[in-house]
Amino acid sequence: MDILELYTNSHRLVSQVSTKKKRYLYHQLPWDVRMLCIRGSRGVGKTTLLLQRMAETFPAGSNQALYVSLDELWFNENRLIDLAEYHYTHGGTHLFLDEVHRYPQESWAQEIKNIYDRYPGFHVVFTGSSILKIDQSQADLSRRCLFFTMQGLSFREYLEFYDIARFDPVTLDQVLSNHVQLAMQITRQVHVLQYFEDYLQHGYYPFYHEMGDGYGMALRQMVVNTIEQDIPQAESVGTNTINRMKRLIALIARVTPFTVNVSRIADTLECDRQTVHKLLRTMQRASLINLLFKGHSNMQQLVKPEKVYLENTNLMYALAREINSGNIRETFFANQLFNAHELAFSGQGDFLIDNAHTIEVGGHRKSFSQIKDLPDSYLAIDDIEIGNGNRIPLWLFGFLY
């Protein structure tokens, strides 16, 4: 494969991408910095994000910017640093590198560092799996690069993505203090409940509109590919570990809600307790699950999580044999809040947000009985359009990004 074919492919992809609809992160990224990393799970739209930036920033057909996926066959016989040298010496100023964890060499981080150091004024934007431990790589990218993580579609984005309605994101403080007015403004334009149910099943990954009835199968294959390909490419794991992760995610999908019993899981997977903790942490970093800890235990590697959720509700519908409405609600809430807030297990309620707000999640009959004595406590209620007092519609927490 000739290097000029990489440019031809880049021009083709940029010319075909639509810039009409952009993910929330597009407008938040400091595109002008010299090095930028976007991490995220498969299917959330990282590739489209890069191509949209190129389409809107550089003249059509210009070789000033180059997009390349690092699983291209060209890299089987050539190095990334060679591509940068050619691009820089032929007038290139920007390199957009997709899926760096697929680079056939283990030296991708070192080579990106060298590119940054060797070519003044040269810009590199790269994407990678959410599992990447970039801060622990041999090359010290942390002092040179800004890192961002990309989530799937929020409920707000879903409404915009499918041309249902467009709204600006709101803050958590706005939701807690002004939810009645916010909900009235939104529901005047759209009956949200009918769309919220569809979002929970199909709305998290932007590629649903391409897959249709094959969406569930595509999600199941995505989970398999994440475990079999992305995780091994990011860190050293063997066949036994891969098989245990498959069994563990099947167990999590089958048992709802999933409360962690480390000893029982260890017996089921035929491993020790430490391995169970490591499996859970790895799957969390791979955006397959979310772990809920008590208090500030999130940073303690061997503390038992109180609850485990699949990373989003679409995965639940794709993987679970039976759907538990309570688990769906909590999974949605955890998924939307983990994006920008600290979430912990609350002994009386379901969630403690930023060590300040207690939230109990439930259906329209849910009462304050469990959290009535707690200050700054709220109910996140499903199946209602507009709340009152400290009863907040659950769907409104999907407007935070």
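**Why the labels fit: a tour of the chain**

The secondary structure of this chain comes to 14 helices and 13 strands, where helices (H or I, at least four residues) and strands (E, at least two) are DSSP runs numbered from the N terminus. This is a predicted model, with residues numbered from 1 along the chain as its sequence is written; local features need pLDDT of at least 70, side-chain atom pairs count only at pLDDT 80 or more, and totals for chains, interfaces and linings use all residues. Side-chain values use heavy atoms, with hydrogens and water left out.

Q: What makes the radius of gyration of the chain agree or disagree with that of a compact globule?
A: The rule, 2.2 Å times the number of residues to the power 0.38, with the radius taken over C-alpha atoms, gives a value near 21 Å for 401 residues. The chain has 22 Å, so the two agree. Along its principal axes, the C-alpha trace spans about 70 × 55 × 40 Å.

Q: Why is E157 called buried?
A: Buried means under 20% relative accessible area, exposed over 50%, and partly exposed in between (1.4 Å probe, protein chains only). E157 has 4%, so the label buried fits. You will find E157 in helix α5, residues 155–161. Beyond its neighbours within four places in sequence, E157 touches K22, R23, Y24, G152 and Y401, a contact being heavy atoms within 4.5 Å.

Q: Why is T259 called exposed?
A: T259 has a relative accessible area of 52%, and therefore counts as exposed. T259 sits in strand β6, residues 258–259. In sequence T259 is 65 residues from N324, while their C-alpha atoms are 14 Å apart in space.

Q: Why does E99 count as buried?
A: The relative accessibility of E99 is 14%, so E99 counts as buried. E99 belongs to the loop between β3 and α4. Its phi is positive, about 55°, although E99 is not a glycine.

Q: What makes S287 buried?
A: A relative accessible area of 15% does, which means that S287 earns the label. S287 lies in the loop between α12 (273–285) and β7 (289–292). S287 is not a glycine, yet has a positive phi of about 60°.

Q: Which residues of helix α4 are buried, and what covers them?
A: In α4, residues 108–118, the buried ones are W108, A109, E111, I112, K113, N114 and I115. Their cover includes β1 (35–40), α3 (80–89), β3 (94–98) and β4 (123–129). An α-helix has 3.6 residues a turn, so residues three or four places apart point the same way. Over the whole chain, 53% of the 401 residues count as buried.

Q: How do you know which residues line the second largest pocket?
A: A pocket is an open set of points on a 1 Å grid over the protein atoms alone, where a 1.4 Å probe fits and protein lies on both sides within 12 Å along at least five of seven lines; lining residues have an atom within 4 Å of a point. For the second largest pocket, 25 residues qualify, with G45, T48, P206, H209 and E210 nearest its centre. Helices α2 (46–57) and α8 (208–211) each supply at least two lining residues, and α2 gives the largest share, 6 residues.

Q: How far apart in sequence are the residues that the contacts join?
A: Among contacts between residues at least 6 apart in sequence, 66% join residues at least 24 apart.
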